[in-house]
Amino acid sequence: MKPALALSLTSLVVIPARLHSTRLPQKLLLAETGKPLIQHTYEAACQAQGTDGVVVATDHESIESAVIGFGGDAVMTSESCASGTDRVAEIAQVRPDIDIFINVQGDEPEISAEAIETVRFLLETNPDVSMATLATPIRCLDKLRDPACVKVTFGENGRALYFSRSPIPFVRDGFEGQIDAEPPVFFQHLGIYAYRRDFLLKLATAPPSPLEQLEKLEQLRVLEMGETILVGTIAEPSIGIDTPADYAAFVRKIGNC
């Protein structure tokens with residue numbers, strides 16, 4: 001169920017879009033569906049209600065041209081940006097009119113309007129929190145053990161306790177008995193974030209933290225800064241496009257629609 005939208009704060013969806021990717025070169029420009037991948041993500045993000053627009057923050061003119069070509073909004077950001085968060089922060093620097101920035105990954109063409117609306121609503125209704133994200137239950141042992149699947153654990157108040165590539169919480173008596181538990185025990189972290197503008201600018205200037213460097217998870221920097229990340233839950237994750245196989249499956253799905 002979608003939350004009832006409160007509209008007292010302005011918000012902008014920003015899609016960080018790097019040209020180069022290791023496992024699937026220039027994936028955001030792949031267009032076997034008849035549209036570049038970045039267009040699918042952009043159009044999906046535009047379905048969310050209650051935001052004040054969608055913009056692609058890119059490091060390369062080819063992506064900027066593709067976005068402009070399909071009628072989207074694109075802004076060039078520095079090639080030196082180390083992360084998507086840094087690209088979103090560059091947009092925030094020149095948009096003081098926006099209260100909440102929502103970071104949507106460019107390689108998630110099936111991102112749901114519900115996900116965007118939910119993460120925004122978390123900040124809208126929790127004024128003491130500077131950052132929010134989403135998670136979905138893990139029901140597969142292989143996924144739980146996969147370091148590419150980032151896990152999160154959080155308290156009853158929804159505030160994140162830790163993010164890890166390892167299975168958390170660790171179950172001393174074995175994971176098998178808990179994988180189907182109700183309520184769910186294990187959660188996959190989803191790579192969508194909402195930030196308040198002032199906090200985002202502060203985060204972008206903070207140095208990498210020790211745990212962040214060990215796990216290679218930027219969100220741990222926030223926890224080590226003593227800040228709160230509020231975690232909302234949704235039933236199903238969107239599927240990111242990381243490999244040729246992922247993209248081939250997406251193309252087949254679009255072709256069958």
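# Exercises on a Predicted Model

The lining of the largest cavity divides into five nonpolar residues, two polar and one charged. The model examined in these exercises is a predicted one.

## Exercise 1. The largest cavity

Describe the largest cavity by its volume, its lining and the elements that contribute to that lining.

**Solution.**
1. Begin with the count: there is one cavity of 30 Å³ or more.
2. The space in the largest cavity amounts to about 40 Å³.
3. Its lining consists of Thr85, Met131, Tyr193, Tyr195, Leu203, Glu218, Gln219 and Val222.
4. Two elements, strand S8 (187-196) and helix H8 (219-224), each give two or more residues to this lining.
5. Sort the lining by residue type. Met, Tyr, Leu and Val count as nonpolar, Glu as charged, and Thr and Gln fall among the polar residues. This agrees with the division into five nonpolar, two polar and one charged.

## Exercise 2. The nonpolar cores

Determine which residues have the most contacts inside the largest nonpolar core, and which helix gives the most to it.

**Solution.**
1. The largest nonpolar core has 40 residues, and Ile15, Val56, Ile102, Ile116 and Ile192 have the most contacts inside it.
2. Among the elements, helix H4 (residues 113-124) gives the most to this core, namely six residues.
3. Another core, of 27 residues, lies apart from the largest; Ala89, Ile98, Val150 and Val231 are among its members.
4. Return to isoleucine 15 in the largest core. With neighbours within four places in sequence left aside, isoleucine 15 is in contact with residues including Ile38, Tyr42, Val54, Val56, Val104 and Gly106.

## Exercise 3. The surroundings of helix H1

Explain why helix H1 (residues 37-45) is described as largely enclosed by the rest of the structure, and examine one of its residues, histidine 40.

**Solution.**
1. Of the nine residues of H1, eight are buried, so the helix is largely enclosed by the rest of the structure.
2. The buried residues of H1 are Leu37, Ile38, Gln39, His40, Thr41, Tyr42, Ala44 and Ala45.
3. These buried residues pack against strand S1 (11-17), strand S2 (54-58), helix H2 (61-69), H4 and helix H9 (244-256).
4. Now take histidine 40, which belongs to helix H1. Its relative accessibility is 12% and the limit for a buried residue is under 20%, so histidine 40 counts as buried.
5. Beyond its neighbours within four places in sequence, histidine 40 is in contact with Thr33, Lys35, Pro109, Phe250 and Ile254.
6. For a longer distance, consider arginine 165, which is 125 residues from histidine 40 along the chain; the two C-alpha atoms are separated by 28 Å.

## Exercise 4. A residue of strand S2

Decide whether threonine 58 is buried or exposed, and list its contacts.

**Solution.**
1. Threonine 58 is located in strand S2.
2. The relative accessible area of threonine 58 is 0%, so this residue is buried.
3. Neighbours within four places in sequence being left aside, the contacts of threonine 58 are Ala17, Ile63, Glu64, Val75, Met76, Thr77 and Arg87.

## Exercise 5. A hairpin

Establish how strands S6 and S7 are arranged and which residues face one another across them.

**Solution.**
1. S6 (residues 151-154) and S7 (residues 160-164) pair over four bridges in the antiparallel sense.
2. Lysine 151 has serine 164 in S7 as its bridge partner, while phenylalanine 154 stands opposite alanine 160 in S7.
3. The two strands form a hairpin with five residues between them. In the turn, glycine 158 has a positive phi of about 80°.

## Exercise 6. Unusual backbone angles

Locate two cis peptide bonds and two residues other than glycine with a positive phi.

**Solution.**
1. One cis peptide bond joins isoleucine 168 and proline 169, with omega about -5°. Another runs from glutamate 182 to proline 183, with omega near -5°.
2. Proline 169 is in the loop between S7 and S8, and proline 183 is also found in the loop between S7 and S8.
3. Glutamine 26, which is not a glycine, has a positive phi of about 50°. Glutamine 26 is in the loop between S1 and H1 and is partly exposed, at 39% relative accessible area.
4. Lysine 216 has a positive phi near 60°. Lysine 216 lies in the loop between helix H7 (210-215) and H8, and its relative accessible area of 61% makes it exposed.

Methods. Residues numbered from 1 in each chain as written. Predicted model: local features only at pLDDT ≥ 70, side-chain atom pairs only at ≥ 80, totals over all residues. Heavy atoms only, no water. Pairing = 2+ DSSP bridges. Core = buried A, V, L, I, M, F, W, Y, C linked by side-chain atoms within 4.5 Å. Buried < 20%, exposed > 50% of the residue type's maximum accessible area, 1.4 Å probe, protein only. Contact = heavy atoms within 4.5 Å. 1 Å grid on protein atoms, 1.4 Å probe; cavity = no way out; pocket = protein on both sides within 12 Å on 5 of 7 lines; lining within 4 Å. Points joined across faces, edges and corners; volume = space filled by probe spheres on them.
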